[in-house]
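Hi,

Here is the structure I said I would pass on. Have a look first, and then read on for my notes.

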Amino acid sequence: MTEIVALAPRLARRVAAARRAVVLTGAGVSEESGLGTFRGPGGLWEEFRPEELATPEAFARRPRRVRDWYAARHRTMAAAAPNAAHRALARWPALFPSFLLVTQNIDQLHQRAGSPEVVELHGTLMAARCGSCGARRPMAELILAGGTIEDERPPRCSCGGLWRPDVVWFGEELPGEAIDRAQRAAASCDLFVSAGTSATVFPAAGLIALARQAGAVIIEVNPEATAFSDLADLRLPGAAGTHLPALTAAIEACRSPG
Ligand code: BV8
Ligand code: ZN
């Protein structure tokens, strides 16, 4: 049974009038697909600290350990299926004249749920990249080419560079085109939804304040409060797989003519 989100009349009017919507997602929207979050209980980083593994220094120091961590995450991501949250957001391009889906996730579950266009701020684990020449290849291929377990040296590109996951590590710049596009959209939107993110990693989390400064309606979908919860006009305190389909139905209802 789809839970109903009852939008207060004033909010419903603003949502009905919205023309430029932006949604920012984090690990929480993939949690119901069986993928761990980073900072929640049992999160990916409970046993590891981000500095240990998701940094260029960690990869330089212990390439095999970093590569094995990503190979394990790749296996679970490739086996995961999109959930109701991903499927609901795939309906949003039809709801607004202008819509941008921005994700911090690297699992490509939005694309697999049918979202036609996704801005991936932190890259994707479905691809590997040469750290020197920027060549790309499917991550699955790289894992298969992995080499012996004793081999600490990760596979090298024909140019001599090291193959690595095509993700953005801490201390690395985000892809310029991705973050510029996301910041421009957040700074000019009239509806911004933050779903399944602890809003602790920048510059991604900064998008929420940009939307607020633009005067957008801010909706947060998260069972926990975050540092940005007080900016939200509406907090939906629960799972994205429940609240996003309900919010989508509520928006479809208040935008359909008649
Ligand atoms: C940058 C890819 C410029 C890899 C990730 C020192 C040196 C350098 C930079 C910094 C520094 N100190 C601070 C910084 C900035 C740093 C940063 O923000 N650090 C934080 C920790 C303070 N940022 C950077 O380094 C960025 N680059 O700034 O470049 C620069 C360059 C050089 C020098 C200076 C500056 C790069 C950041 C990108 C890092 N890469 N991922 C990988 O995935 O392995 S970030 C990582 O965290 C994940 O990708 C994830 O996307 C991201 C955010 O996490 P969330 O998605 O929010 O997940 P989380 O678990 O935290 O939260 C889940 C939420 O879901 C929870 O709130 C939970 O309640 C909720 N939830 C749970 N279940 C559900 C749910 N919600 C809904 N439904 C459910 N069912
Ligand atoms: Zn190369």
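**What I found**

Of the contacts in the protein with a separation of 6 or more, 69% are between residues 24 or more positions apart. Keep in mind that this is a predicted model, so everything below is computed from predicted atoms.

Some overall numbers to begin with. The protein has 11 helices and nine strands. It has 258 residues, and 52% of them are buried. The exposed surface comes to about 11800 Å², with carbon and sulfur atoms supplying 55% of it.

**The six-stranded sheet**

One open sheet has six strands in the order β3-β2-β1-β7-β8-β9, and the pairing is parallel. At its edges are β3 (118-120) and β9 (234-236), each of which pairs on one side only. From one strand to the next, the twist averages 15 degrees.

If you want a place to start looking, try the pairing of β1 (residues 20-25) with β7: five bridges join these two strands, which run parallel. One pair to click on is A21 and its bridge partner in β7, L191. Then bring up α10, which lies across β1, β2, β7 and β8 (217-221). This helix runs at about 155 degrees to β7.

**The three-stranded sheet**

The other sheet I looked at is open too, with three strands in the order β5-β4-β6 and antiparallel pairing. Here β5 (136-138) and β6 (163-167) are the edge strands; each has a single partner strand, so one side of each is left without a neighbour in the sheet. The twist in this sheet averages 45 degrees from one strand to the next. Helix α5 (residues 63-79) packs on the sheet, where it touches β4 and β6. The direction of α5 makes about 135 degrees with that of β4.

As for the pairings, β4 (residues 123-130) is joined to β5 by three bridges, and the two run antiparallel. A127 stands opposite P138 of β5. Between β4 and β6 there are five bridges, again with the strands antiparallel, and there C130 stands opposite W163 in β6.

So is β6, as an edge strand, covered or open to solvent? It is mostly covered, with five of its five residues buried. The missing neighbour on one side of β6 concerns the sheet, whereas the burial of its residues concerns the protein as a whole.

**The ligand**

Which residues are closest to ligand 1? They are F38, R39, Y70, T197 and S198, out of 33 residues that surround it.

There are some polar contacts worth checking by eye:

- E32: a polar side-chain atom lies 3.0 Å from a nitrogen atom of ligand 1.
- E172: a polar backbone atom is 2.8 Å from a nitrogen atom of ligand 1.
- F202: a backbone N or O atom lies 2.7 Å from an oxygen atom of ligand 1.

Taken alone, ligand 1 exposes 1500 Å², and the protein buries 75% of that.

**Backbone oddities**

Most residues other than glycine have a negative phi, and most peptide bonds are trans. A few spots here go the other way.

F202, which has the backbone contact to ligand 1, is joined to P203 by a cis peptide bond, with omega at about 5 degrees. P203 sits in the loop between β7 (191-195) and α10 (206-213).

A199 is in the loop between β7 and α10 as well. Its phi is positive, near 55 degrees, although A199 is a residue other than glycine. Is A199 buried or exposed? With a relative accessibility of 5%, A199 counts as buried, because buried means under 20%.

Q108 is another non-glycine residue with a positive phi, of about 60 degrees. Q108 lies in the loop between β2 (98-103) and α7 (109-112). Its relative accessibility is 23%, so Q108 counts as partly exposed.

If you open just one region, I would go for the loop between β7 and α10, where you will find both A199 and P203.

Cheers

Methods:
Residues numbered from 1 in each chain as written. Chains lettered and ligands numbered in written order. Predicted model: local features only at pLDDT ≥ 70, side-chain atom pairs only at ≥ 80, totals over all residues. Heavy atoms only, no water. Pairing = 2+ DSSP bridges. Helix = DSSP H or I, 4+ residues; strand = E, 2+ residues; numbered from the N terminus. Axes fitted to C-alpha atoms, helices over the stretch in contact; angles between N-to-C directions. Contact = heavy atoms within 4.5 Å. Near = heavy atom within 4 Å. Polar contact = N/O pair within 3.5 Å; in protein donor to acceptor, adjacent residues only side chain to side chain. Areas by Shrake-Rupley, 256 points an atom, 1.4 Å probe, with all protein chains shown as cover. Buried < 20%, exposed > 50% of the residue type's maximum accessible area, 1.4 Å probe, protein only.
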